[in-house]
Amino acid sequence: MKAFILCGGRGERLRPLTDSMPKPMVRVGGKPILEYQLDLLRKHGIEDAVLLVGWHGEAIERYFGDGNRLGMHIEYSYEDPDNRLGTAGPIKAARDKVDGTFIVMNGDIISNANIAGIVSFHVGMECWGTINMINMPSPYGIIDLDGSRIVQFREKPVLPYKMNAGLYVLEPEVVDFMPDVGSIETDVFPKLAALGKLCGYDSTGIYWSDVGTHKDLEKVNKDIIAGKFKL
């Protein structure tokens, strides 16, 4: 099974770090974000990866090469960084590399998701697509009330709503639904859901962080140093 990792974004919110490097190459805990993802894939027996690169993609290829150093086989598919294809277009552009059920990952996420469990669930459900989900953390502190009286404050609790955790298991048929330029989240998944072919796997409780801002970067660095994140 292959994993396709979306690595083409400019990472505007991480400037100036991303002025001359792609966001997946930003280092946390001493190594690039992308290397944590490849380590996770390898841990779950996924040794083939296609890196969908754009902005300074040559830096990614220069660092990871053919993947031999990590015990993997890595291929590359380039998009023009000045003509972004969204999150669906790069996958469609690399459709010649799709040879069966495949994984898609966002290239700016640090997690210890149970990829083998998600794949097993996907196969058992006979879906065309399975989205890895977690309960959404509140971006703000919460006030609990008893009528008009404040009972307690809760600092950014986990909410009882599911959110997309940026990892998918897909069947080759899904590529036919993908536009040349567009979003897998808004242009593809709603169509699969309408057909009853989209499932969700609940991974609430895993370590998960989007590394999209300097604040996120600082948090993940602290978590790695403190041992809160482990594959």
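Visitor: Which residues does Leu51 touch, not counting residues up to four places away in sequence?

Guide: In this predicted model, Leu51 touches Ile5, Cys7, Leu34, Ile60, Ile74, Glu75, Tyr76 and Ser77.

Visitor: How should one read such contacts in terms of a nonpolar core?

Guide: In soluble globular proteins, nonpolar side chains tend to be buried together. Here, the largest nonpolar core has 27 residues, and Leu51 is listed with Leu38, Leu41, Ile60, Phe64 and Ile103 as having the most contacts inside it. Two or more residues of this core come from each of β1, α1, β4, α2, β5, β6, α4 and β11. The element that gives the most is α1, with four residues. Leu6, Val50, Val98 and Met133 are among the 21 residues of a second, separate core.

Visitor: Is β4 mostly covered or mostly open, and which strands pair with it?

Guide: In a regular strand the side chains alternate between the two faces of the sheet. In this structure β4 is mostly covered, with five of its six residues buried. Its pairing with β1 is parallel and spans six bridges; there, Ala3 stands opposite Ala49. β4 also runs parallel to β5, joined by six bridges, and Asp48 stands opposite His73 of β5.

Visitor: Which residues form a nonpolar patch on the surface?

Guide: The patch consists of Ile143, Leu145, Ile150 and Phe153, with about 440 Å² of accessible area together. The strands β9 (142-146) and β10 (149-154) each give two or more residues to this patch.

Visitor: Why does Phe153 count as exposed?

Guide: Exposed means over 50% relative accessible area. Phe153, found in strand β10, counts as exposed because its relative accessibility is 62%.

Terms used: Residues are numbered from 1 along each chain as its sequence is written. This is a predicted model: local features need pLDDT of at least 70, side-chain atom pairs count only at pLDDT 80 or more; totals for chains, interfaces and linings use all residues. Side-chain values use heavy atoms; hydrogens and water are left out. Patches are made of residues with over 30% relative accessible area and no salt bridge: like charges are joined within 9 Å, nonpolar side chains (Val, Leu, Ile, Met, Phe, Trp, Tyr) within 5 Å. Accessible areas come from the Shrake-Rupley method with a 1.4 Å probe; for residues, only the protein chains shown count as cover. A salt bridge is a side-chain nitrogen of Lys or Arg within 4 Å of a carboxyl oxygen of Asp or Glu. Buried means under 20% relative accessible area, exposed over 50%, partly exposed in between (1.4 Å probe, protein chains only). A nonpolar core is a set of buried Ala, Val, Leu, Ile, Met, Phe, Trp, Tyr and Cys residues joined through side-chain atoms within 4.5 Å. Contact means heavy atoms within 4.5 Å. Two strands pair if DSSP finds at least two bridges between them.
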